[in-house]
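Me: I am new to this structure and should like a close look at a single part of it. Please begin with one side chain, explain its setting, and then follow the connections outward.

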Amino acid sequence: MTTTALITGANKGIGHEIARLLAERGITAIVGARDEERGRAAAGRLGLPYVRIDVTDEESVAAAAKWIEAEYGSLDILVNNAGVAGGLDGGVPSAVTARELREVYETNVFGVVTVTNAMLPLLRRSPAGRIVNMSSELGSISLALTPDSPFWDLNFAAYNSSKTALNMITVCYAKELMGTSVKVNAANPGYCATDLNAHTGFRTAEQGAAIAVRLATLDADGPTGAYLEDDGPIGW
């Protein structure tokens with residue numbers, strides 16, 4: 001039986017590497033991207049299927065879910081990887097506008113809810129459904145409040161709070177799905193060199209993808225409702 005996965009924002013960066021690494025395990029990893037030209041090009045390089053999905057557009061998400069159902073009948077893995085950084089306001093929350101905040105949340109929070117709700121009926125059909133939400137250590141309140149932490153000065157109100165909200169969304173879904181075959185976890189890829197940060201990160205996209213792949217392929221004894229990085233749990 002074919003194991004299927006959908007990775008949003010998979011035309012480049014960490015999402016691209018997640019798709020590639022899952023495919024290496026024999027999983028049919030569907031490259032999800034809103035830009036059709038870039039998405040098809042990435043899928044072609046990887047030898048994987050492509051579906052257009054704009055996480056901020058409910059009709060696009062619904063169409064993607066309908067296509068997956070028609071092609072595969074169910075979905076085993078959903079990786080909510082698509083994300084935006086916003087303006088990264090220089091670490092001055094008072095400089096953030098409500099409009100900028102909404103734009104970041106539209107993708108990083110509302111988009112995750114839209115995609116998850118659309119794909120959940122398909123994931124429930126899987127004997128081992130897995131949802132992985134790509135979070136960040138910048139969403140950790142405990143790290144943000146640690147003065148000697150390298151995250152103390154990274155006070156980006158829009159991006160950081162969107163990932164904190166995503167962490168709670170992860171917990172909420174995990175609680176709803178407790179006792180079912182579907183596990184839901186948040187992954188911290190670390191500071192990876194991607195377009196999101198103008199390639200200033202010290203980790204590679206492949207390194208960042210590893211924790212997502214691990215959570216996407218958890219066995220029945222694996223955790224749910226967890227916030228994890230390579231070395232284990234990260235403080236909420």
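Reply: The side chain chosen here is E69, which counts as partly exposed because its relative accessibility is 37%, a value between the limits of 20% for buried and 50% for exposed. The model is a predicted one.

E69 has a charged partner: its side chain and that of R125 meet in a salt bridge, with 2.9 Å from N to O. E69 belongs to helix α3 (residues 58-72), whereas R125 sits in the loop between α4 (98-124) and β5 (130-134), so the pair ties together parts that are 56 residues apart in sequence. R125 is likewise partly exposed, with a relative accessible area of 45%.

Helix α4 itself supplies a partner for another contact. The side chains of R124 and E176 form a salt bridge at 3.7 Å, N to O. E176 is part of helix α6 (residues 157-176) and R124 part of α4, so this pair ties together parts that are 52 residues apart in sequence. With 45% relative accessibility, R124 too is classed as partly exposed.

These two contacts belong to a wider set, for the count of salt bridges in the model comes to six. Another of them has a different setting: E17 and R20, whose closest N and O atoms are 2.7 Å apart, both lie in helix α1 (residues 13-24), three residues apart, or about one turn of the helix. E17 is buried, because its relative accessible area of 13% falls under the 20% limit. R20, at 21%, is partly exposed. The pair is also part of a network of salt bridges that links E17, R20 and E24.

To return to helix α4, this element also takes part in enclosing an empty space. The model holds one cavity of 30 Å³ or more, and the volume of the largest cavity is about 30 Å³. Its lining consists of T8, V55, N80, N81, A82, T107, G111, V112 and V115. The largest share of that lining, four residues, comes from α4.

One of the lining residues, N80, leads on to strand β4 (residues 77-80), where L78 and N80 point one way and I77 and V79 the other, all of them buried. In a regular strand, side chains alternate between the two faces of the sheet. Strand β4 pairs with β5 in the parallel sense over four bridges, and N80 stands opposite N133 in β5. Strand β4 is also joined to β1 (residues 4-7) by three bridges, and these two strands run parallel. Within that pairing, I77 in β4 is the bridge partner of A5.

Helix α6, which contains E176, leads to one last feature. The loop between α5 (141-144) and α6 contains W152, which is partly exposed at 41% relative accessibility. Together with I141 and L145, W152 makes a nonpolar surface patch of about 330 Å².

In summary, the contact between E69 and R125 connects helix α3 with the loop between α4 and β5. Helix α4 contributes R124 to the salt bridge with E176 and gives the largest share of the lining of the largest cavity, while strand β5 pairs with β4.

Conventions:
Residues are numbered from 1 along each chain as its sequence is written. This is a predicted model: local features need pLDDT of at least 70, side-chain atom pairs count only at pLDDT 80 or more; totals for chains, interfaces and linings use all residues. Side-chain values use heavy atoms; hydrogens and water are left out. A salt bridge is a side-chain nitrogen of Lys or Arg within 4 Å of a carboxyl oxygen of Asp or Glu. Buried means under 20% relative accessible area, exposed over 50%, partly exposed in between (1.4 Å probe, protein chains only). Patches are made of residues with over 30% relative accessible area and no salt bridge: like charges are joined within 9 Å, nonpolar side chains (Val, Leu, Ile, Met, Phe, Trp, Tyr) within 5 Å. Accessible areas come from the Shrake-Rupley method with a 1.4 Å probe; for residues, only the protein chains shown count as cover. Two strands pair if DSSP finds at least two bridges between them. On a 1 Å grid over the protein atoms alone, a cavity is a set of points where a 1.4 Å probe fits but cannot get out, and a pocket is an open set with protein on both sides within 12 Å along at least five of seven lines; lining residues have an atom within 4 Å of a point. Grid points are joined across faces, edges and corners, and a volume is the space filled by probe spheres set on the points.
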